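Here is a quick tour of a single chain, from its overall build down to a few backbone oddities. Have the model open as you read.

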Amino acid sequence: MVRIEGLRKSFGSLEVLRDINLNVMPGQVVTIIGPSGSGKSTLLRCINLLESPDAGHVWFHGANLAADHVNVNALREKIGMVFQGFNLFNNKNVLDNCTLAPVLLKKMTRDEAEHVAMEHLESVGMAAFAHAAVNTLSGGQKQRVAIARALCMNPDLMLFDEPTSALDPEIVGEVLEVMRRLAAGGMTMVVVTHEMSFAKSVSDEVLFMDRGVIAERGTPEQIFTAPKQERTRTFLARYL
Ligand code: ADP
Ligand code: MG
């Protein structure tokens, strides 16, 4: 579904990504761990073209994202993104947050969009809050709405950038549970997270990023029980 070859990205003289290679197969969950500043967010942003690579290629469903004829907006509609900071429209209610893009971009009727939205809100346990104002919700509820909103576009791929990092510890679990179910349902996911037990239990592949490179990659068993690199061990020791 995603193929990345020789991806490089710099901001000024700062090399943020250096020769990143990655394949994501349909239905796979790939988790990215690593220290702050290692390039994790930038890598996700290159996948949905919020950043453009300096070198290398990103393919999505076999389409080279850098090719001139590629309809970036159409591709982006197939990629859902969930951020640490929710990025909901705070002046709209829950249902409107979920129907806005489908009505605008997918040309759904209001009725169709509401029907789809209610199904996804139900799946994240937020149907009862459909008419609630976003600013009355807890962080965990906001993040579950953000996931439902992304699902309303019927994406093929979901990108998560530290979706639980802004949440109080007792609320993290309800969001991880929604993500766990999404993964079990076959959604293709790339997840940046510091939730190591989640990464261990849900991932097909774990990537450890450090200073712009994928320093180590493997199955959760390999990375969490027998990391080969000293810097992976040092990083993981902080979470034990
Ligand atoms: P991570 O998500 O692993 O914490 P990021 O991808 O956000 O890392 O950032 C990697 C490095 O790139 C950091 O040093 C960050 O300050 C820098 N960076 C990220 N985005 C920009 C930008 N738009 N302009 C300048 N520097 C940036
Ligand atoms: Mg980041």
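## Overall build

The radius of gyration used here is taken over C-alpha atoms, and the globule rule is 2.2 Å times the number of residues to the power 0.38. With 240 residues, that rule puts a compact globule near 18 Å, and the chain comes in at 18 Å, so the two agree. Keep in mind that this is a predicted model.

Laid along its principal axes, the set of C-alpha atoms fills a box of roughly 55 × 45 × 35 Å. The chain holds 9 helices and 10 strands. Take the contacts between residues at least 6 apart in sequence: 65% of them join residues at least 24 apart.

## Surface and interior

Of the 240 residues, 51% are buried. The accessible surface adds up to about 11100 Å², and carbon and sulfur atoms account for 50% of that.

Helix 1 (residues 40-47) is a good place to look inside. Because 6 of its 8 residues are buried, helix 1 is largely enclosed by the rest of the structure. The buried ones are K40, T42, L43, L44, C46 and I47. Just past the end of helix 1, L49 takes a positive phi of about 60°.

## The largest pocket

Now for the open space. The largest pocket offers about 640 Å³, and 21 residues line it. Four elements give two or more residues each to that lining: helix 2 (72-77), strand 6 (79-82), helix 3 (94-105) and helix 5 (139-151). Helix 3 gives the most, with 5 residues.

If you want to find the middle of the pocket, go to I79, M81, A101, L105 and M153, which lie nearest its centre. Sorted by class, the lining has 13 nonpolar residues, alongside 5 polar and 3 charged ones.

## Two loops with positive phi

Which side of the burial cut-offs does H61 fall on, and what about E162? Start with H61, which sits in the loop between strand 4 (55-60) and strand 5 (63-64). H61 is not a glycine, yet its phi is positive, at about 50°. Its relative accessibility is 46%, so H61 counts as partly exposed.

E162 is in the loop that runs between strand 7 (157-161) and helix 6 (169-184). Here too a residue other than glycine has a positive phi, near 45°. With a relative accessibility of 14%, E162 counts as buried, because buried means under 20%.

Methods. Residues numbered from 1 in each chain as written. Chains lettered and ligands numbered in written order. Predicted model: local features only at pLDDT ≥ 70, side-chain atom pairs only at ≥ 80, totals over all residues. Heavy atoms only, no water. 1 Å grid on protein atoms, 1.4 Å probe; cavity = no way out; pocket = protein on both sides within 12 Å on 5 of 7 lines; lining within 4 Å. Points joined across faces, edges and corners; volume = space filled by probe spheres on them. Nonpolar A, V, L, I, M, F, W, Y, C, P; charged D, E, K, R; others polar. Buried < 20%, exposed > 50% of the residue type's maximum accessible area, 1.4 Å probe, protein only. Contact = heavy atoms within 4.5 Å. Areas by Shrake-Rupley, 256 points an atom, 1.4 Å probe, with all protein chains shown as cover.
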